[in-house]
Amino acid sequence: MAATRRARDASGQSHFGALSDEALMTAVATSEPEALHSFIDRFERKVYGAAVAIVRDRALADEVTQDAFMRVWRHAAAFDPRRGSVGGWLMRITRNVAVDALRVRRPDAVDPLQLLQLHDNQPGPARAATANAEVREVLTSLPRDQARVLLLAAFYGYTAAEIAEIEHIPLGTAKTRIRLGLGKIRDAGGQTSTDGLGGRGTQRHGDGR
Amino acid sequence: MNELTCEEVRERAAELALDALPGDQRAAVLAHLDSCVSCRALVDDLSMAADRLLLALPESDVPPALTAQLHHDVPPAATAEAMPTRRRWAWLGAAAALIAIIVVGVTAIGLPSEDDHPGVGSFALVTPAGATIGDVAIENSDEPWIHVTVDDDIPRLGQCVLVMEDGTRHEIGAWPVDDKYKEWGAPLDQSPERVHRAELIDTTGATIATAMID
């Protein structure tokens, strides 16, 4: 495989790695290639992880990941920090690309709660940052039906009408569960504004890639 | 859809924040938010909550080949248009295909004369009623390329289909739901001179407009 990485400075770090997410995003919007490389370093695990979780197919997740970053390069200038975090914006893009990828085929009836590994015994990446732990706590405190409905909307973009059909519940019930569920996520948020990534990127030191 | 009340918008705010609201309702809610600060604040709050849900998805180690590809595909420091060609989705489906081909790579179109290159040129997309709503441009300089442009207010865009002289149909692009790219380009696998026409199909399967390619 060709080594096509751009040159780094002597310390092996791109100086973009020290920027906040928003500052890095501004640099990405200028199409500065080094900023884009740094952005990939910072977010690729997040994007690929979400893609794999949603489409559940490694080859497809590959394409989803590539297209998600393509959309970022194309629309970086449209990012509005007042509307949310860079991570959140990126995850929305990833989810939308992933959902588009799934539209040609019916997904298996996977319990979306599994996507968050809420009942896992696995160590490692599942033990995520504080923001994630809060979300998991709220989700496990919800009735399973409510949590599942909420995540069908959040991760697959299913509308209330589609969820009503999938879950065999009335449309009004689906809408209510979505509303109540998301409301609880919001209420549990407090003043937390972290995007779950710790804000500043941490550049890995030469790990053989 | 008529204008919505604040109560109606509040009922739909969570679905909007989750990007899970059907297109027509979404348009109506967004119209309300344009002029209602309190509903706008509610949606912003819920959007942050929705972001946190997505951010709770687990990270994953990335295959080295994918990482290499991502870095390889970083565009050079030129304009945003100079992006590498994105290969087409391998699994473009037939029915209700709503997957985007977002291929950005169209260079400025300097079209050779049609006499020299049949099938090459710019062709108007015309509705059955005779209105022109966009155009299809085909060029064949470095590689055969098709570029579709559609007016902003065409609803329910579905697919673009090429119909060949022999009657065979090839779907060459599709629009994702709620995504409003009105202009895109793609490599053209078919020979331009064998293309009879391009059709724009909406999400119900009806033909919106046709461009005769000569």
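Which residues of α2(A) meet α4(A)?

## Helices α2 and α4 of chain A

In this predicted model, the contact is made from the side of α2(A) by A:Phe39, A:Phe43, A:Lys46, A:Val47, A:Ala50, A:Ala51, A:Ile54 and A:Val55. Their partners in α4(A) are A:Val86, A:Gly87, A:Leu90, A:Met91, A:Thr94, A:Arg95, A:Ala98 and A:Leu102. Sorted by class, the contact of α2(A) with α4(A) holds 12 nonpolar, 2 polar and 2 charged residues.

Two packed helices are described by the angle between their axes and the distance between the axes. For α2(A) and α4(A), which spans residues 86-102, the angle is about 40° and the axes are 9 Å apart. Angles under 35 degrees count as roughly parallel and those from 65 to 115 as roughly perpendicular, so α2(A) and α4(A) are oblique to each other. The crossing of α2(A) and α4(A) is right-handed.

## Chain A as a whole

Chain A contains 8 helices and 0 strands. Its elements, taken from the N terminus, therefore read α-α-α-α-α-α-α-α under the helix and strand assignment used here. Of its 209 residues, 54% are buried. The accessible surface of chain A is about 9,600 Å², and carbon and sulfur atoms account for 50% of that area.

Contacts in chain A between residues at least 6 apart in sequence were also sorted by separation: 65% of them join residues at least 24 apart.

## Helices α6 and α8 of chain A

How do the axes of α6(A) and α8(A) cross? They come within 8 Å and cross at roughly 90°, with α6 covering residues 144-156 of chain A. That angle makes α6(A) roughly perpendicular to α8(A). By class, this contact has 8 nonpolar, 2 polar and 3 charged residues.

On the α6(A) side, the residues involved are A:Asp145, A:Gln146, A:Val149, A:Leu150 and A:Ala153. They meet A:Ala174, A:Arg177, A:Ile178, A:Leu180, A:Gly181, A:Leu182, A:Lys184 and A:Ile185 of α8(A).

## Two loop residues with positive phi

A:Ser31 sits in the loop between α1 (21-29) and α2 (33-55) of chain A. Its phi is near 65°, a positive value in a residue other than glycine. Is A:Ser31 buried or exposed? The relative accessibility of A:Ser31 is 18%, and the limit for a buried residue is under 20%, so A:Ser31 counts as buried.

A:His168 is placed in the loop between α7 (160-167) and α8 (171-187) of chain A. A:His168 is not a glycine, yet it has a positive phi of about 55°. Its relative accessibility is 71%, so A:His168 counts as exposed, the cut-off being over 50%.

## Chain B as a whole

Chain B has 4 helices and 8 strands. Along the sequence, the pattern is α-α-α-α-β-β-β-β-β-β-β-β. Chain B has 214 residues, of which 50% count as buried. It exposes about 9,800 Å², with 51% of this supplied by carbon and sulfur atoms.

Among contacts in chain B between residues at least 6 apart in sequence, those joining residues at least 24 apart make up 57%.

## B:Ala198 in strand β7

B:Ala198 belongs to strand β7 of chain B, residues 195-202. At 0% relative accessibility, this residue counts as buried. Which residues does B:Ala198 touch, not counting those up to four places away in sequence? They are B:Leu125, B:Val136, B:Val161, B:Leu162, B:Ala209, B:Thr210, B:Ala211 and B:Ile213.

One of these, B:Ile213, is 15 residues from B:Ala198 along the chain, and the C-alpha atoms of the two are separated by 7.1 Å.

## A helix pair between the chains

Helix α3 of chain A (residues 58-75) and helix α4 of chain B (residues 64-72) have axes that come within 10 Å and cross at roughly 25°. Angles under 35 degrees count as roughly parallel, and α3(A) and α4(B) are therefore roughly parallel to each other. Their crossing is right-handed.

From α3(A), the contact involves A:Asp62, A:Thr65, A:Gln66 and A:Phe69. These meet B:Leu66, B:Gln69 and B:Leu70 in α4(B). The contact of α3(A) with α4(B) comprises 3 nonpolar, 3 polar and 1 charged residues.

Terms used. Residues numbered from 1 in each chain as written. Chains lettered and ligands numbered in written order. Predicted model: local features only at pLDDT ≥ 70, side-chain atom pairs only at ≥ 80, totals over all residues. Heavy atoms only, no water. Axes fitted to C-alpha atoms, helices over the stretch in contact; angles between N-to-C directions. Parallel < 35°, antiparallel > 145°, perpendicular 65-115°, else oblique. Left-handed = near helix turned anticlockwise from the far one by under 90°. Contact = heavy atoms within 4.5 Å. Nonpolar A, V, L, I, M, F, W, Y, C, P; charged D, E, K, R; others polar. Buried < 20%, exposed > 50% of the residue type's maximum accessible area, 1.4 Å probe, protein only. Areas by Shrake-Rupley, 256 points an atom, 1.4 Å probe, with all protein chains shown as cover.
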